[in-house]
Amino acid sequence: MELDWSVDREGDASLVSCRVRNDGAVPRRVRVESRLDGAVLPPRRGGVPEPGWDAAGVTAVLAPGERRAFGFASVAEPVEPPVAVASAEPVEPGSEAEAGAADGAGNPVRTAVRDLGSPRPPRRAVDGAVPSETRTRANDPEATPERNREDNADDERTISPADPVGAPAGLDAWFAAVEARVERAERLTDADLATATAVVSAAGGLDGVAALDERVASDAERLRALRDRAAALADRAGETDAPTAALERLA
Amino acid sequence: MILAVAGGKGGVGKTTLAYNVAAELDGVAVDADLGMADLPTGRGPDLHDVLAGAADPIETIRAGPVDVVPCGRTLAGARACDLTRLKDAVAALDGERGPVVLDCPAGRRADAGVPLAVADACLLVVSPRAFALADAVRTRELARELDAGLVGCAVNKVTETPPTETIADALGAPAEVVPADPRVERSVAAERPVVTAAPDSEAAAAVRTLARRVPQRADWAREDTAPF
């Protein structure tokens with residue numbers, strides 16, 4: 001077996017790649033194992049590891065002369081060499097079933113999840129449909145608090161059509177951003193030359209001003225929609241009357 | 001015994017067939033259509049909760065004329081589902097409650113594939129229209145790949161004599177004609193399975209024939225050969 005490898009440190013992860021070549025004259029089942037002091041994070045599709053991977057390495061059957069590349073990540077510090085060929089045994093050319101079992105093809109559920117398209121509705125379709133704490137609590141690997149923060153940041157940058165009115169904190173931030181834009185636009189309205197020059201250079205040139213103008217127009221539209229919705233909700237909230245006393249008597 | 005009722009195309013009557021076959025088998029109908037559930041729902045935990053690891057499958061059984069495991073209606077719930085949990089959940093239902101009939105979603109994504117992968121056998125529902133057959137054939141291929149033995153197919157909502165033999169040949173399983181019958185259409189919403197609401201109807205006879213083709217034991221259905 002020929003093996004060459006590389007290992008890079010990227011942020012908090014070690015990224016290991018290697019190439020294995022079967023230099024023998026018969027098909028061989030090769031087992032490549034990580035030498036890193038930490039769990040192997042194998043390549044995944046649909047959250048399911050690719051065939052042949054397990055917690056310590058990968059197993060694959062290589063035809064004579066075949067070269068195969070593998071890669072994985074790990075949070076452990078890099079060591080050299082990061083991988084080693086743990087075993088390489090000749091395989092009977094006829095024993096395809098055995099080869100398949102070693103590749104993890106024996107579990108149809110995992111095969112289906114990995115190989116068929118993901119049925120999960122996109123995050124954007126779900127956003128705003130439920131409070132974010134429900135999402136985080138549910139078993140959603142992408143709904144980590146960190147990811148939610150990123151999404152909020154994104155909303156602020158682009159003012160997407162998705163409803164940014166989630167948590168009151170997000171609402172405050174959005175109002176602050178809108179206020180800053182409106183203030184800048186106000187300073188440009190009927191401004192003298194010196195002020196205008198300062199604001200234009202702060203906004204990033206004339207293109208920046210054009211963009212600001214568009215943004216402020218869309219802000220105005222959204223603020224009006226928000227005002228109408230808030231007023232309607234406030235009216236409805238004012239008209240409700242939960243009969244607490246009556247319910248207490250019944251309970 | 002775990003039976004998947006699949007069909008590829010939407011709107012061919014998978015849910016209705018699943019509900020009525022579950023009635024005849026005295027089993028539990030599971031709404032496995034995670035994104036567009038349509039079996040009766042109720043209060044309490046549902047399949048979304050089970051697949052999110054938040055509920056025990058047994059406590060989701062909702063008793064009725066046909067026992068049902070309902071499915072949530074929200075996109076957030078569908079998004080939180082981990083399909084790899086379906087196998088254990090369905091096995092628990094099978095052990096506790098007897099025959100499990102899975103109402104599968106349309107399409108060929110993982111949410112349609114995993115029920116076929118966990119099922120011992122499957123039943124295909126096809127519309128008598130020619131364009132629907134292609135979808136059924138593709139679903140049949142998927143079922144074969146995922147090792148769900150095809151026990152039969154239902155040609156559903158039939159108004160004129162359909163080319164039953166052509167369909168049976170294309171799918172490689174006996175085809176049973178289920179005539180268009182308002183009592184069948186209503187059966188799920190009214191929770192009145194046709195085998196008890198109209199036992200003498202042609203539709204009820206077809207449902208009984210389909211149910212008889214479902215083997216009692218799971219290992220029989222796992223045989224690679226077609227049952228005829």
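## A guided tour of a predicted two-chain model

Begin by selecting B:D26, which is exposed with a relative accessible area of 55%; exposed means over 50% relative accessible area, buried under 20%, and partly exposed in between, with a 1.4 Å probe and protein chains only. The model is predicted, so local features need pLDDT of at least 70 and side-chain atom pairs count only at pLDDT 80 or more, while totals for chains, interfaces and linings use all residues. Residues are numbered from 1 along each chain as its sequence is written, chains are lettered from A and ligands numbered from 1 in the order in which they are written, and side-chain values use heavy atoms, with hydrogens and water left out.

**Backbone features**

B:D26 sits in the loop between α1 (14-25) and β2 (28-31) of chain B. Helices (H or I, at least four residues) and strands (E, at least two) are DSSP runs, numbered from the N terminus. Although B:D26 is not a glycine, its phi is positive, at about 55°.

Next, select B:K157, in strand β6 (residues 149-158) of chain B. This residue is not a glycine either, and has a positive phi of about 55°. B:K157 is partly exposed, at 36% relative accessible area.

Turn to chain A and select A:P81, in the loop between β7 (67-74) and β8 (83-90). The peptide bond that joins A:E80 to A:P81 is cis, with omega near -5°.

**A buried loop residue**

Select B:A52, in the loop between α2 (47-51) and β3 (67-69) of chain B. B:A52 has a relative accessible area of 17% and is therefore buried. Add B:D82 to the selection: the two C-alpha atoms are separated by 6.0 Å, although the residues are 30 apart along the chain.

**The nonpolar cores**

A nonpolar core is a set of buried Ala, Val, Leu, Ile, Met, Phe, Trp, Tyr and Cys residues joined through side-chain atoms within 4.5 Å. The largest has 52 residues, and those touching the most other members are B:L47, B:V100, B:L102, B:V114, B:L116 and B:L171. Helix α5 (residues 110-118) of chain B contributes the most to this core, with five residues. Select B:V114: leaving out residues up to four places away in sequence, this valine touches A:V109, A:A112, A:V113, B:L83 and B:L86. A second, separate core of 34 residues includes B:L39, B:V184, B:V188 and B:A198.

**The cavity**

A cavity is a set of points, on a 1 Å grid over the protein atoms alone, where a 1.4 Å probe fits but cannot get out; lining residues have an atom within 4 Å of a point. There is one cavity of 30 Å³ or more. Select its lining: B:A6, B:G7, B:G8, B:C104, B:P105, B:G107, B:A112, B:L116 and B:T139.

Now select B:T139 alone, in helix α6 (residues 130-145) of chain B. B:T139 is buried, at 3% relative accessibility. Beyond neighbours within four places in sequence, its contacts (heavy atoms within 4.5 Å) are B:A6, B:G7, B:G8, B:R108, B:L116 and B:L124.

**The cysteines**

A disulfide is a covalent bond between the sulfur atoms of two cysteines. Here the criterion is a pair of cysteine sulfur atoms within 2.5 Å, and the whole structure contains zero disulfides. Why does B:C153 not form a bond with B:C122? The sulfur of B:C122 is the closest cysteine sulfur to that of B:C153, but at 9.7 Å it is too far for a bond. B:C153 is buried, at 0% relative accessibility. Finish at A:C18, which is also buried, at 5% relative accessibility.

Methods:
1 Å grid on protein atoms, 1.4 Å probe; cavity = no way out; pocket = protein on both sides within 12 Å on 5 of 7 lines; lining within 4 Å. Points joined across faces, edges and corners; volume = space filled by probe spheres on them.
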